[in-house]
Amino acid sequence: MKTVTLQVEPNMDAETLHENYLVKHKEIARLIQEGSWTPLVEYLKEFHWRINCTEHVKKDDREKGILPNLNTPLHYAVLKGAPSEILTQLIEIGSLLTLKNAEGDTPHAIAVKKEAKEEVLKILEPPQLVLENQTAIEQMEASLHKVINGRVEKLLEENHMTLPQLAPFWEKAVEEVQEVKYYYEVPGFYGGFHLSFFPAERFLMADSFCRIWGGSEERHIIKSNGKIKERHSEVQMYPTRRKCEII
C-alpha cells in the first residue's frame, strides 16, 4: 500500500505569487503557444510540480473582464491537437484527467466536443471509479468547500483563489493506494489545509491550521454522502496556540 500526493496548484491573482514562480508559468505558456510539445514535456519533467498549472491573471485584467480559463497543459494539448503520444506522455508524468477548467470541461470533455479520434478519447477517459461515483464526488466537494470557506472565505475572495476539486483524489485512488494527500496553502492565513482521502473507507480528512501565535487546528471528516463531522480534539499541530481570526 502506498500514499500519493497530488500535484495541483490553486489559481489566484498573479500579484500573490513570487516572480520566479510566474517565470516558469510564462515559459510553459510560450511552449504551448508555439506547439513545442516535446520541449514542453521535458520542461514539465524538470519542474514536475507545475504539471497541472493554470495561467494566473492580474487584478487589473480581472477588472477588464479577463478571467483565468483554468486550462492545464493537458487541456491545451487537447485544444491545440497535440499528437496522441504527447497526451500519453503528459499523463505519464502527472497530468490529471479529471481536473475541470473554468467552463467545467475535463480534457476528455474537450476532446468529445472536438470530435477527436477514438484513440484520443480512450487516452483521456477518466477512471471508472470516478465515473461511477460522480454523486459522491460532488457531495464531498461541496462539503469541503463549505469547510474551507468557513475558515478563510474572505482571503479566498481577496486573492480570487480557486477551491480544490475532489475528482483528482478519486482518480489517483487506484487499488494499491491507501491515501491520497494534498496540501492547500492559503496566502495570508499563515497555514492551510492538509487533505487526506482514504479510498478504502471513502472519506476525506481535512486538517487546517494557522502557524502564527494564537493559531488553531481543526479536523473535519467528510463522508462520501457529504456529511461533515468535527473532530478538532484529534489534531494538535500546535497545541499551545489559541484560535486565529482572519482579519
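The buried residues of helix α2 pack against three other helices: α1 (19-34), α4 and α5. That is a handy place to start a tour of this structure, which is a predicted model.

**Helix α2 and its buried side**

Which residues of α2 are the buried ones? They are W37, L40, V41, Y43 and L44. If you look down the axis of α2, these buried residues fall within an arc of 165 degrees, so they line one face of the helix.

**Helix α5, a partner of α2**

Now hop over to α5, which covers residues 84-92. Its buried residues are S84, I86, L87 and L90. They take up an arc of only 160 degrees around the axis, which puts them on the same side of α5. As for neighbours, the buried residues of α5 pack against α2 (37-46), α4 (73-79) and α7 (118-124). So α4 turns up twice, as it is packed against by the buried residues of α2 and by those of α5. Following α5 comes G94, and the phi of G94 is positive, near 125 degrees.

**How α2 and α5 meet**

Two packed helices are described by the angle between their axes and the distance between the axes. Here the axes of α2 and α5 come within 10 Å and cross at roughly 5 degrees. Angles under 35 degrees count as roughly parallel, and that is why α2 is called roughly parallel to α5. Which residues make the contact? On the α2 side they are W37, T38, V41 and L44, and on the α5 side I86, Q89 and L90. Sorted by type, the contact residues come to five nonpolar, two polar and no charged. Several names here should ring a bell: W37, V41 and L44 are among the buried residues of α2, while I86 and L90 are among those of α5.

**Aromatic rings**

Time for the rings. The model has eight aromatic pairs, counting rings whose centres lie within 6.5 Å. Two of them are set out below.

| Pair | Arrangement | Centre to centre | Angle between planes |
|---|---|---|---|
| F47 and W49 | edge-to-face | 5.7 Å | 90 degrees |
| Y184 and F193 | tilted | 6.2 Å | 55 degrees |

Are Y184 and F193 buried or exposed? Both are buried. With F47 and W49 the picture is mixed: F47 is buried, at a relative accessible area of 16%, whereas W49 counts as partly exposed, at 33%. The cut-off explains the split, because buried means under 20% relative accessible area. There is also a link back to α2: ring pairs join Y43, F47 and W49 into a cluster, and Y43 is one of the buried residues of α2.

**Two residues in helix α9**

Last stop is α9, the helix of residues 134-159, where S143 sits. How accessible is S143? Its relative accessibility is 9%, and therefore S143 counts as buried. Leaving aside residues up to four places away in sequence, S143 touches I222, G226 and I228.

Q134 is found in α9 as well. With a relative accessible area of 31%, Q134 is partly exposed, whereas S143 in that helix is buried. For a sense of spacing, take Q134 and V174: they are 40 residues apart along the chain, and their C-alpha atoms are separated by 16 Å.

Conventions: Residues are numbered from 1 along each chain as its sequence is written. This is a predicted model: local features need pLDDT of at least 70, side-chain atom pairs count only at pLDDT 80 or more; totals for chains, interfaces and linings use all residues. Side-chain values use heavy atoms; hydrogens and water are left out. Buried means under 20% relative accessible area, exposed over 50%, partly exposed in between (1.4 Å probe, protein chains only). Helices (H or I, at least four residues) and strands (E, at least two) are DSSP runs, numbered from the N terminus. The arc is that of the directions from the helix axis to the C-beta atoms. Contact means heavy atoms within 4.5 Å. Rings of Phe, Tyr and Trp (its six-membered ring) pair if their centres lie within 6.5 Å; planes under 30 degrees apart count as stacked, over 60 as edge-to-face and the rest as tilted. Axes are lines fitted to C-alpha atoms, for helices over the stretch in contact, and angles run from 0 to 180 degrees between N-to-C directions. Angles under 35 degrees count as roughly parallel, over 145 as roughly antiparallel, 65 to 115 as roughly perpendicular and the rest as oblique. Ala, Val, Leu, Ile, Met, Phe, Trp, Tyr, Cys and Pro count as nonpolar, Asp, Glu, Lys and Arg as charged, and the others, Gly among them, as polar.
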